[in-house]
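Thanks for coming. I will go through one structure today, starting with a sheet and ending with some charged pairs. Please have a look at it first.

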Amino acid sequence: MKHLILGLAASLMLTTAHAEPTATGDLGLVIERAKGSVLLVDQSDRAALARIEGLGDLSHASLVYSPDERFAYVFGRDGGLTKVDIVTRQIVNRVVQAGNAIGGAISDDGTLVAVSNYEPGGVRVFDADTLEMIADIPTDSKTIGLVDAPGRRFVFTMWDTGETWIANFAKGEPAITKIPDMGKNPYDALITANGRTYITGLFGEDGLTALDLWADTPEPIRVLPNYGRGQEEMPVYKMPHLEGWALTGREFVLPAVGHHEVLWVDADTLSETGRTKTHGQPVFAMARPDGRQVWVNFAHPLNDTIQVIDSVSKEITHEFKPGPAVLHMEFTPRGHEVWISVRDANKVMVYDTQTFEKLREIDADSPSGIFFTARAHKTGL
C-alpha cells in the first residue's frame with residue numbers, strides 16, 4: 001500500500017511537472033468584425049497568439065469574461081452567444097438566441113449570462129456553464145444599456161417605452177422592478193464601478209437620467225436637462241458609447257451627443273462642471289485607469305484622430321492620427337499602455353500613455369472592440 005501511495009504521489013508530481021498551465025491575466029480578445037472571428041492577444045508580449053473563427057456576425061459585438069478569466073462570452077449582432085475557451089483557443093458552445101442582439105452582461109457570481117435584444121426585444125438569461133436558457137424576459141421594446149449590478153441583478157432600459165427594469169435573480173426566479181419615466185428614447189447606459197449609479201443617455205429629448213440603485217425605491221433623477229441635441233437637433237453621425245464614460249476623481253467625462261465636445265459632471269451632485277471642445281463628435285471618452293488623462297476618439301468622418309485631455313486642466317494636451325477609422329481603445333490594467341483598433345488599416349496599435357510613442361502594430365482583420373481579461377473583475381464590464 002505504501003508503494004502504491006508513493007507511486008501515486010510520484011505520478012502526480014510528474015503530471016504537475018509536465019503540465020503547461022496557461023495564465024490568462026495578460027490576455028485579451030480583439031473582435032474582427034468582418035470575418036466573424038476573435039484574435040487572442042498577449043499584453044506583455046504585444047503579440048497575437050491565435051485566431052478563433054466561426055462566431056457569426058460580429059458587427060457591434062462585445063464580450064464579458066468568466067471570473068476565472070478562462071471563458072469569454074461573445075455577443076454577436078445576429079443574436080449569437082458564443083462561449084470561447086481562451087486556454088484551449090476554441091469555441092466550446094454557441095447558441096443563436098435571437099434575431100438581433102446588442103450586447104450582454106455576466107452576473108457578479110459568474111453563473112448567469114444575460115443578452116439584450118432588439119429582435120424580438122427583451123432580455124434572455126443563460127446558464128454560464130451550459131448556455132441553457134433559464135429566463136426569458138419580454139419587454140415589448142428594443143432593450144439597451146444592459147449591465148450587471150451587485151446581488152445577481154441585471155439592469156436594462158427600453159428604447160421604445162423609456163422604462164428601466166431591474167431583474168433580481170438573488171432567489172432564483174427573477175423579481176422584476178419597473179421604473180417608468182426615464183426619458184424619451186434612451187440609447188445606452190452605464191453603471192458606476194461601485195454599482196450605485198446607473199445613467200442613461202437620451203436621444204429623444206435633452207438631458208440624461210440617473211438612478212440611485214442603493215435607494216430602496218430608485219427614482220429617475222434628471223441630469224443636465226438643458227443639454228442635448230437641442231432645438232436645432234444636431235445631426236448625429238454615430239451614437240456615443242456610454243460604457244466608455246470616464247470617471248476621473250470626482251467627475252464624469254461624458255461624450256456629447258451631436259456636439260464637438262465632452263462634458264464634465266460632478267459625480268456626487270450630477271451637476272455640470274465644465275466642457276472641453278473637441279476635434280469631432282466623441283464616441284468614446286475613456287479615462288486612463290489612474291484618471292489622469294481622458295482619451296477620446298470620434299465619429300465619421302473625423303474618426304482618424306485621437307485627442308488626449310488632461311483631467312486637471314480639462315485641456316487637450318496631445319492629438320495624433322493613428323489611421324483611418326479608429327473604433328476602440330483599451331488600457332492595460334494599470335494604464336501604462338493603450339491598445340487602439342484602427343479598422344481600415346487592419347491594425348491594432350499599441351502606444352505608451354506617458355510618451356505617446358507607438359510601441360507596436362499587430363495585424364488584425366477589421367478590428368473593433370478590444371477586451372482584456374482584467375474586465376472580469378469590474379462591475380458593468
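Let us start with a sheet: 4 strands make up an open sheet, in the order 24-25-26-27, with antiparallel pairing. At its edges are strand 24, residues 282-287, and strand 27, residues 316-320, each of which pairs on one side only. From one strand to the next, the twist averages 20°. Bear in mind that this is a predicted model.

Now one pair inside that sheet. Strand 24 runs antiparallel to strand 25, residues 293-298, and 4 bridges join the two. One residue to find on screen is Pro 282, whose bridge partner in strand 25 is Phe 298.

Next, a loop. Asn 226 sits between strand 19 (221-223) and strand 20 (246-248). Is Asn 226 buried or exposed? The relative accessible area of Asn 226 is 74%, so this residue counts as exposed, the cut-off being over 50%. Asn 226 is 19 residues away from Gly 207 in sequence, and their C-alpha atoms are 6.1 Å apart in space.

On to the salt bridges. The count for this model is 22. I will show three pairs and a network.

The pair of Arg 51 and Glu 32 has an N to O distance of 2.7 Å. Arg 51 belongs to strand 3 (residues 47-52) and Glu 32 to strand 1 (residues 27-32), so this salt bridge ties together parts 19 residues apart in sequence. How accessible are the two partners? Arg 51 is partly exposed at 37% relative accessibility, while Glu 32 is buried at 0%.

Moving to the second pair, Arg 46 and Glu 337 form a salt bridge with an N to O distance of 2.6 Å. Which parts does this pair tie together? Arg 46 is in the loop between strand 2 (37-42) and strand 3, and Glu 337 is in strand 29 (residues 337-342), so the parts joined are 291 residues apart in sequence. Arg 46 is partly exposed, at 23% relative accessibility. Glu 337 has a value of 4%, and because buried means under 20%, Glu 337 is buried.

In the third pair, Asp 78 and Arg 94, the closest N and O atoms are 3.6 Å apart. Asp 78 lies in the loop between strand 5 (71-75) and strand 6 (80-85), and Arg 94 lies in strand 7 (residues 90-96), with their positions 16 residues apart in sequence. Asp 78 is partly exposed at 22% relative accessibility, and Arg 94 is partly exposed at 28%.

Last, the network: salt bridges link Glu 261, Glu 272, Arg 275 and Lys 277.

Key: Residues numbered from 1 in each chain as written. Predicted model: local features only at pLDDT ≥ 70, side-chain atom pairs only at ≥ 80, totals over all residues. Heavy atoms only, no water. Pairing = 2+ DSSP bridges. Axes fitted to C-alpha atoms, helices over the stretch in contact; angles between N-to-C directions. Buried < 20%, exposed > 50% of the residue type's maximum accessible area, 1.4 Å probe, protein only. Salt bridge = Lys/Arg side-chain N within 4 Å of Asp/Glu carboxyl O.
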